Protein chains: 2
Amino acid sequence: MRVVVALGGNALSPAGGTGTAEEMRAALARTSETLADLVARDVGLVITHGNGPQVGRILLQQEYAAEYVPPMPMDVCGAQSQGQIGYLLAQSLDSALRRRGLPTRALCLVTQVVVNGRDPAFRRPTKPVGPSYERPEAQRIAHQTGHVFRIMPDRRWRRVVASPAPLRIVEEEPLLQVIDAGHVVVAAGGGGVPVVEHKRELRGVEAVVDKDLTAARLATLVRADALLILTAVPQVQVGFGTPAARALDRVSAAEARKLLEGGEFPEGSMGPKVSACLAFLDAGGSRAVIAALDDAAAAVFGDAGTTFVR
Amino acid sequence: MRVVVALGGNALSPAGGTGTAEEMRAALARTSETLADLVARDVGLVITHGNGPQVGRILLQQEYAAEYVPPMPMDVCGAQSQGQIGYLLAQSLDSALRRRGLPTRALCLVTQVVVNGRDPAFRRPTKPVGPSYERPEAQRIAHQTGHVFRIMPDRRWRRVVASPAPLRIVEEEPLLQVIDAGHVVVAAGGGGVPVVEHKRELRGVEAVVDKDLTAARLATLVRADALLILTAVPQVQVGFGTPAARALDRVSAAEARKLLEGGEFPEGSMGPKVSACLAFLDAGGSRAVIAALDDAAAAVFGDAGTTFVR
């Protein structure tokens, strides 16, 4: 069985942490145990992950040093975060695999994702990146850099960038070869570095691709038996926050789409995850699951989480 | 023909530049033209590169933001620099290959290198990393962090870390598979992230592996027909800076070793490069060349640079 796993922020570092390497190592060690158990049960894994807090810290470091070190654009920061997280995750997972005496190795491939330069998302940037500011500071930075800022629910301002749809993984050929050889690959971290294609050349753009949508593309590419989106909650709910709240065990694509269009899933959290599950099913996938990290093994075998089927 | 190419700093960004992404893109575009010409002549490439200025800037950014964002250890910073440089280099090279209509793709693999935790280098740190300081500032940081500082020829102080010998590339199996499939792989940037093995587990260490020595290991691993170390000068000289200075066209390993032991090659520059060439020949390699970036194609075919043979 082959499964694409999308790891949420809680799999990489503890909520409310300060972002030290030790915190990340501890969270990743726990995540790696779960993932290695799957490999021990003969599940072939392709792993992708978010990078919000990590790339946020890189952007913040760039800002504090901006007078002395020229800041890198978003695409380069995204690649740096892939190196950072991918290294720590592959190392941790590889150790967990070795402890089990498994011959499978884990590695990280720096991954780019092609997006359409005319994606309507570029006209309406929505994805917050980096630190938050009081209004005057945000205005000053916007003036200096041309970055777009938006007010957040906490009344502070953050830079927003476009979140275009992922069209294609650039490194698909070598990625497939490494997976077919039986290795666990960490790929397309943070949704992949977004690039546009122009006259056969690739060029990075200032945007962030949704990591769950990229996970769906990845799952389609590798013809995964399942897409597994791991998050902080055990199941998807309808009527969330109301007395009629109800957890979903198993949903058809048609039903899920109706619920999604009915606004049942919040845009900033469960919405994109459900959309990603539907994207995988629409592209021919047979099963997508949203589950809690600790339930990963059960979820792969259909005994936990919310399962989406065609 | 298969060649491992080690790129020096001048291939990644201009000397005296400020380190912007645009500077790097311009330098890498030029480097990529040279490399793509080799691929067009049917040379299979594995590329490795330095990361001194880039990881130096990451360390500096960390320092300016240290009050707000916890600094990452050296191994993680090295992995970030692999992501940064590997992304830009693979993208640039891939574009150069596409422009030539070549089916070969370029990609970057985050790479770890096993070193011996008891390598004597750990008792005598010599490799300067990060920014330079006046003495009091260096003392303050040394006190806070436990880092070791040394005075440099310019009378300023810099942190020094160990430079242990590279023993083995962790990702050797997948690396070989991707190379055998015909792709150009950017690997082991900055000499690879140094890790020690303890009870079958890997753990990053605060050290920097010499990138040319890692290139030699890489060349041995992939059974390269040649190791090509590209630098800013066209040939290796003996009697450097004296009236008897003489450029070397072709040297035997025995002769080179005699010159190296005689102190002909400065420790901080040509010495490690000649050592790397000898390491490759000692491990069974047939040819190693030190040449200028612009002479890469001629050097591969024996018409430029200094060639070392067994």
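The following paragraphs lead through selected features of a predicted model, moving from a strand of chain B to a surface patch, two loops and a helix.

Strand 7 of chain B, residues 157–161, is a suitable starting point. Four of its five residues are buried, so the strand is largely enclosed by the rest of the structure. Strand 7 of chain B pairs with strand 5 (residues 127–133) of chain B in the antiparallel sense, over five bridges. Within this pairing, B:Lys127 has B:Val161 of strand 7 as its bridge partner. Strand 6 of chain B, residues 148–151, also runs antiparallel to strand 7 and is joined to it by four bridges. Here B:Arg150 is matched with B:Arg158 of strand 7. Strands 6 and 7 of chain B form a hairpin with five residues between the strands, and in this hairpin B:Arg155 takes a positive phi near 70°.

Positive phi values deserve attention for a general reason. Most residues other than glycine have a negative phi. Two loops of chain B provide further examples. B:Asp42, in the loop between helix 1 (21–40) and strand 2 (44–49) of chain B, has a phi near 75°. B:Ala188 has a positive phi of about 55° although it is not a glycine, and its place is the loop between strand 9 (184–187) and strand 10 (193–198) of chain B. Which of the categories, buried or exposed, applies to B:Asp42, and which to B:Ala188? B:Asp42 counts as exposed because its relative accessibility is 66%, where the cut-off for exposed is over 50%. B:Ala188, in contrast, is buried, with a relative accessible area of 0%.

At the surface, both chains contribute to one nonpolar patch. A:Tyr64, A:Tyr68, B:Tyr64 and B:Tyr68 together make this patch, which covers about 420 Å². One of these residues, A:Tyr68, is found in the loop between helix 3 (52–64) and helix 4 (74–99) of chain A. With a relative accessible area of 45%, A:Tyr68 is partly exposed.

The final element is helix 6 of chain B, residues 211–221, which is mostly covered, with eight of its 11 residues buried. Among the buried residues are B:Ala215, B:Leu218 and B:Leu221. Charged residues are also included, such as B:Lys211 and B:Asp212. At the start of the helix, a side-chain oxygen of B:Asp210 reaches to within 3.0 Å of the backbone nitrogen of B:Asp212. Just after helix 6 of chain B, B:Arg223 takes a positive phi of about 50°.

How values were computed
Residues numbered from 1 in each chain as written. Chains lettered and ligands numbered in written order. Predicted model: local features only at pLDDT ≥ 70, side-chain atom pairs only at ≥ 80, totals over all residues. Heavy atoms only, no water. Buried < 20%, exposed > 50% of the residue type's maximum accessible area, 1.4 Å probe, protein only. Pairing = 2+ DSSP bridges. Patch = residues over 30% accessible without salt bridge, like charges linked within 9 Å, V, L, I, M, F, W, Y side chains within 5 Å. Areas by Shrake-Rupley, 256 points an atom, 1.4 Å probe, with all protein chains shown as cover. Salt bridge = Lys/Arg side-chain N within 4 Å of Asp/Glu carboxyl O. Polar contact = N/O pair within 3.5 Å; in protein donor to acceptor, adjacent residues only side chain to side chain.
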